[in-house]
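Trainee: Hi, do you have a few minutes to go through a structure with me? I would like to start with the metals.

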Amino acid sequence: MASGKFLVPDPSDYEAIAREERRLQALRELEILDTPESESFDRITRMASRLFRTPISAISLTDRDRQWFKSHVGTQGREIIRGGAPCAEVTRSGEVVAIPDLLQDSRFSQCYLAESGIRFYAGAPLTTRDGYVLGAMCVLDTEARSITTEEVSALQDLAAFVMAQIELQRDVGRVEPSSGLPNRYQLAEDLTNLERKAPGEWRVAVLIDLADLRQMNETVSVLGSTYIDTLVKASTSTIQSTLGGKAGLYQVGITSFFLLINESDGNSWSDVIGSLRKQLLAPIVCDGVPVAVEAAYGISPFCVGSSPPHDVLRTVLSAARDAREADIEYAVYSPDSDEANRRRFTVLTNIRKAVEQGGREFNLVYQPRIDLHSGVCTGAEALLRWTHPTLGSVPPGEFIPLVEQTALARPITQWVLANALGQLATWRRAGLDTHASINISARNLEEEDFVLSLQQALQRSTVSPAAIELEFTESALIRHRSRAVERLEQIRSLGVALAIDDFGTGYSSFSYLQKLPATTVKLDRSFMPELAKSQKDQTLVRSMISMAHDLGYRVVAEGVETAEVYTFLKECGCDEVQGYFISRPLPVPAFEAFLRQGRDRDVSSMLTLLQKSAS
Ligand code: C2E
Ligand code: MG
Ligand code: MG
């Protein structure tokens, strides 16, 4: 074996290498290297040259093996080699380096700058908020000269100015103006960095959703949009002071915040949430009005690096949504509900495409309505059907509640209106005069021009306004209480009938009902299954019918599936029925056949025949 000295590197070398790697990382993260020249930096170098009366000045960044100039005055290229450059010495020492004459300084007399004719150099360090030195703000001259202490301070000021500019540029688009907190772009970057720094470690993501979207819309309609600013500002300072630096804090939505908790630092998520809940209980005062904050929390523990950053945000949002929907304060992420959220996402994305393609995947089916007094079919409820090429038939009970949370409610309702009106016009031309009731989304009540577009659709179709009825669910009317009465009055003034759908499920007060200019109430189908057997349901339905009649409404019962229920409703004086007992919702040709049959023989006599054959 060869003998000789085995050289063990000094541990301080390792430290220096690691430090330099971290510094280079900080420089890379600023994403400034090799970017185009920019006036905001050029202004500073021009000012430096003028101030110091030097022909050359530069903002020089120390990369692994080069000095790269973000801005420069008086030099040709944008980079020089790092080895032996005075700027590299500024970066290494983190201090101002001033060399009156390079040729007289043994460290630099042979360097590239000296060889290119430079004699004087002064550079101040460009230091980040985290203490990394990125390079130097420097001034150079082809003649030797001295520098005063005042000039040194001026150079340091310029360096600070450059750093403020660099950090400002980095923060633009990464900070939420309403709270001053880093936003979701910054979060994505921080999570990516975390993958490098702490792979395999566990962290807990927490989402604080300050307000239910619906509740917030209502509050904004009363208190104005400054309410959101007030809410966000007040909550940010409460959260910040409660956390006291125990977790990373981001604003990821208009009224939602993300916390990144490292439990190995001794902060359990349950303690953090416990103290936040206490602090956020106090109402936020907006324009002198105290408004209660109803925060919902989502919690999602995750292993760093095992799923992409956007998944961390998605899972915690899914948990917060679970909490909101279940009306509980917090929910821990569950893969099952995540599956449901994914499905929601797929449905929403595809229905958006279906709308953009002009609705060719949509069609309407018509469920007959029968007048119990005359036994005649008075018309039909138009019900939307959506058949997607791969998802198949998606029931409206699945996609309508999703659509109602988005701006898609508008084009979808427009499509339904236009097609139902078109169909009514076709039937009228074919000698089939009938009525259609059309379901309108809660969200349509918020559209300023809803009534105008309804009027225009009616004018285009030449269908009489009296041939249609618009159905609004009881819960939609309650949710939009402030606008509903005015909107319904405008619709009524066009001569269009109005129905309160799913009546009996929305807990509206009779005094509120009285104010609504509706013409019809549709008893919800949930009352029907037990109606033949349950005395209680019978009493309830009988009194709802009589109360609605007293208020001047026509009463329609939905979901009638049996002869017993049909007969009971008829005896109670209910005006119309709709349900599988009469007919399922029908495609156009089948509904036409139903109508033609009904002209020859009314439904009551059909039913008598049915009952006879059953006994
Ligand atoms: P809805 O307006 O209360 O419509 C009645 C629902 O009850 C329809 O379900 C209908 O098929 C179903 N139904 C009718 N008779 C019976 C019966 O005897 N038994 C039972 N169990 N169900 C019966 P569908 O078509 O699945 O629609 C569900 C809901 O989706 C509708 O409830 C309505 O709120 C909404 N929807 C449907 N089409 C539209 C539309 O064009 N626009 C809007 N905004 N909503 C729609
Ligand atoms: Mg309906
Ligand atoms: Mg209904």
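Mentor: Happy to. One definition first: a donor here is an N, O or S atom within 2.8 Å of the metal, and water is not among the atoms, so sites may look incomplete. Also keep in mind that this is a predicted model.

Trainee: Good to know. Which residues coordinate the magnesium ion that is ligand 3?

Mentor: Asp501 and Asp502 each do so through OD, and Glu558 does so through OE, at 2.0 to 2.3 Å. Along the chain, the donors of this magnesium ion (ligand 3) follow the spacing D-D-x55-E.

Trainee: Is Asp501 buried or exposed? And what about Asp502?

Mentor: Asp501 has a relative accessible area of 5%, so it counts as buried, because the cut-off for that class is under 20%. Asp502 is partly exposed, at 23% relative accessibility.

Trainee: Now the other magnesium ion, ligand 2. What coordinates that one?

Mentor: The magnesium ion (ligand 2) is held by Glu381 (OE), Asn439 (OD1), Glu471 (OE) and Asp501 (OD), at 2.0 to 2.2 Å. In sequence, its donor residues are spaced E-x57-N-x31-E-x29-D.

Trainee: Where do the two glutamates sit in the fold?

Mentor: Glu381 lies in strand S17 and Glu471 in strand S20, residues 468-473, so the pair ties together parts that are 90 residues apart in sequence. Glu381 is buried at 3% relative accessibility, and Glu471 is buried too, at 1%.

Trainee: How far apart are the two magnesium ions, and which residue coordinates both?

Mentor: They are 4.0 Å apart, and Asp501 is the residue that coordinates both ligand 2 and ligand 3.

Trainee: Let's move on to ligand 1. Which residues come nearest to it?

Mentor: There are 22 residues around ligand 1, and Arg385, Asp501, Arg525, Glu561 and Tyr580 come nearest. Asp501 is a name you already know from the metals, as it coordinates both magnesium ions.

Trainee: What polar contacts does ligand 1 make, say with Asn439?

Mentor: A polar side-chain atom of Asn439 is 2.9 Å from an oxygen atom of ligand 1. Asn439 is also a donor to the magnesium ion (ligand 2), through OD1. A polar side-chain atom of Ser441 lies 3.2 Å from a nitrogen atom of ligand 1. With Tyr580 the partner is a polar backbone atom, 2.8 Å from an oxygen atom of ligand 1.

Trainee: How much of ligand 1 does the protein bury?

Mentor: Taken alone, ligand 1 exposes 790 Å², and the protein buries 86% of that. Ligand 1 sits in the second largest pocket.

Trainee: Which element gives the largest share of its shell?

Mentor: That is S17, with four residues. Strand S17 (377-388), helix H12 (396-403) and strand S21 (497-503) each supply at least two residues of the shell.

Trainee: Changing topic: how many residues of helix H3 are buried?

Mentor: Six of the eight residues in H3 (residues 86-93) are buried, so the helix is mostly covered. The buried residues are Pro86, Cys87, Ala88, Glu89, Val90 and Thr91. After H3 comes Gly94, which has a positive phi, near 70°.

Trainee: Last one. Where is Val222, and is it buried or exposed?

Mentor: Val222 is in helix H7, residues 213-223. Val222 is exposed, at 68% relative accessibility. From C-alpha to C-alpha, Val222 and Val403 are 25 Å apart in space, and they are 181 residues apart in sequence.

Technical notes:
Residues numbered from 1 in each chain as written. Chains lettered and ligands numbered in written order. Predicted model: local features only at pLDDT ≥ 70, side-chain atom pairs only at ≥ 80, totals over all residues. Heavy atoms only, no water. Donors = N, O, S within 2.8 Å, 3.2 Å for Na, K, Ca; no water. Buried < 20%, exposed > 50% of the residue type's maximum accessible area, 1.4 Å probe, protein only. Near = heavy atom within 4 Å. Polar contact = N/O pair within 3.5 Å; in protein donor to acceptor, adjacent residues only side chain to side chain. Areas by Shrake-Rupley, 256 points an atom, 1.4 Å probe, with all protein chains shown as cover. 1 Å grid on protein atoms, 1.4 Å probe; cavity = no way out; pocket = protein on both sides within 12 Å on 5 of 7 lines; lining within 4 Å. Sits in = over half its atoms within 2 Å of the grid points.
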